[in-house]
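Reader: I have the sequence and the coordinates open. Can we go through the structure by questions?

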Amino acid sequence: MHKKIIITMLLALTVMLTQAQPIKVEYEYRTKTLPELMQQYFQMQNVQHLRVTLKGNFNGKRAKLKKVTCSNGAFSEQELLPEFVHFLLVDSIESLDFMAVPYGKDSLHICCFYPASNNQPIFNDTVRMDNMKILMETFTPGDSNDIPVVAYTAGIPIQNGVWFCGLRDSGVEPRKWFEKYGIDGYVFYTIRLEEDTPPDDKMPVYVKIAKKDADGVQE
């Protein structure tokens with residue numbers, strides 16, 4: 001009886017590991033590598049720049065990007081790439097650049113670029129939030145196939161301010177920040193991998209973004 005239970009548990013664990021599609025994520029604040037004058041300009045304009053490096057066995061898998069917004073404790077989701085855009089991760093190491101640029105009094109643009117394809121824009125998202133938050137690492141993936149890669153958020157509320165480092169190092173996934181810390185009014189961006197399927201006759205427009213043939217467009 002115990003042997004059957006152990007075998008069942010091992011099979012379940014194998015299935016979970018297969019479905020998890022693990023991605024290791026590393027981060028670099030790119031503005032720190034700019035010349036001092038450019039650093040001062042970015043700081044004056046409150047522009048933030050974070051490079052996200054993804055490591056995994058991608059092998060040409062399709063990457064889908066999603067925005068998740070927390071507003072008044074409720075979460076909403078939005079796919080950021082249209083269905084006809086196929087963003088393919090070819091190498092085992094891939095990078096995305098995220099920039100947050102203030103836009104008006106209560107909005108900002110969060111843009112994603114693909115450095116390996118001449119800094120091709122992947123998406124340009126307008127977020128209705130103030131610029132008192134920061135682009136932040138999301139080290140903890142959670143248990144979903146949609147893996148958080150970056151957030152625009154405030155920190156943990158403390159007396160007379162917020163604690164960004166405490167949130168960054170907390171080990172709590174972004175979807176639980178409201179529940180655990182009461183953080184509200186933030187967004188985070190996720191990546192999901194799936195096998196790519198070539199276009200068929202029902203898809204008149206097909207755009208492929210990848211390191212190889214990055215400009216390939218078929219109609």
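**Salt bridges, strands and surface**

Author: Arg175 is partly exposed, with a relative accessible area of 33%. This is a predicted model.

Reader: Which residue does Arg175 meet in a salt bridge, and at what N to O distance?

Author: Arg175 lies in the loop between α3 (164-168) and α4 (177-181). The partner is in strand β4, so the pair ties together parts that are 98 residues apart in sequence. That partner is partly exposed, at 45% relative accessible area. The side chains meet at 2.7 Å, and the partner is Glu77.

Reader: Which residues are joined into one network by salt bridges that share partners?

Author: The structure holds 20 salt bridges. Some share partners, and the network includes Arg175 and Glu77. Its members are Lys66, Glu77, Glu79, Asp146, Arg175 and Arg192.

Reader: Where does Lys61 find its salt-bridge partner, and which residue is it?

Author: Lys61 lies in strand β3 and its partner in the loop between β13 and β14, so the pair ties together parts that are 134 residues apart in sequence. Lys61 is buried, with a relative accessible area of 16%. The partner counts as exposed, at 58%. The N to O distance is 3.7 Å, and the partner is Glu195.

Reader: How many residues apart are Glu83 and Arg62?

Author: The two form a salt bridge, with the closest N and O atoms 3.4 Å apart. Glu83 is partly exposed at 48%, whereas Arg62 is buried at 3%. Glu83 sits in the loop between β4 (74-79) and β5, and Arg62 in strand β3. The pair links distant parts of the chain, and the separation is 21 residues.

Reader: How many residues of strand β5 are buried?

Author: Take the two faces in turn. Val85, Phe87 and Leu89 are buried on one side. His86 and Leu88 are buried on the other. Strand β5 (residues 85-89) is therefore largely enclosed by the rest of the structure, and the count is five of the five.

Reader: Which strand runs parallel to β5?

Author: Strand β3 (residues 61-71) does not qualify: over three bridges, it pairs with β5 in the antiparallel sense. There, Lys61 has Leu89 as its bridge partner. On the parallel side, His86 is bridged to Lys208. Three bridges make this parallel pairing, and the strand is β14 (residues 206-209).

Reader: Why is one side of β1 and of β8 left without a neighbour in the sheet?

Author: Five strands form an open sheet with antiparallel pairing, in the order β1-β2-β6-β7-β8. β1 (24-29) and β8 (120-127) stand at its edges, so each has a single partner strand. Neighbouring strands are turned against each other, direction ignored, by an average of 20°.

Reader: Which residue in β2 stands opposite Lys24?

Author: β1 and strand β2 (residues 48-55) run antiparallel. Six bridges join them. Opposite Lys24 stands Lys55.

Reader: How far apart in space are Tyr114 and Lys211, C-alpha to C-alpha?

Author: Tyr114 lies in strand β7 (residues 108-114). Tyr114 is buried, at 0% relative accessibility. Beyond its neighbours within four places in sequence, Tyr114 is in contact with residues including Phe87, Leu88, Ile209, Ala210 and Lys211. Tyr114 and Lys211 are 97 residues apart in sequence, and the distance in space is 9.2 Å.

Reader: Is Thr190 buried or exposed?

Author: Thr190 is found in strand β13 (residues 186-194). Not counting residues up to four places away in sequence, Thr190 touches Lys64, Leu65, Lys66, Val68, Asp146, Ile147, Pro148 and Val149. Its relative accessibility is 1%, so Thr190 counts as buried.

Reader: What phi does Asn118 have?

Author: Most residues other than glycine have a negative phi. Asn46, in the loop between α2 and β2, has a positive one of about 60°. Asn118 is found in the loop between β7 and β8 and is exposed at 71%. Its phi is also positive, at about 55°.

Reader: Which residues form the nonpolar surface patch?

Author: One member lies in helix α2 (residues 36-45). That residue, Met38, is partly exposed at 36%. Together the patch residues have about 330 Å² of accessible area, and they are Met38, Tyr41 and Met44.

Note on methods
Residues are numbered from 1 along each chain as its sequence is written. This is a predicted model: local features need pLDDT of at least 70, side-chain atom pairs count only at pLDDT 80 or more; totals for chains, interfaces and linings use all residues. Side-chain values use heavy atoms; hydrogens and water are left out. Patches are made of residues with over 30% relative accessible area and no salt bridge: like charges are joined within 9 Å, nonpolar side chains (Val, Leu, Ile, Met, Phe, Trp, Tyr) within 5 Å. Accessible areas come from the Shrake-Rupley method with a 1.4 Å probe; for residues, only the protein chains shown count as cover. A salt bridge is a side-chain nitrogen of Lys or Arg within 4 Å of a carboxyl oxygen of Asp or Glu. Helices (H or I, at least four residues) and strands (E, at least two) are DSSP runs, numbered from the N terminus. Buried means under 20% relative accessible area, exposed over 50%, partly exposed in between (1.4 Å probe, protein chains only). Two strands pair if DSSP finds at least two bridges between them. Axes are lines fitted to C-alpha atoms, for helices over the stretch in contact, and angles run from 0 to 180 degrees between N-to-C directions. Contact means heavy atoms within 4.5 Å.
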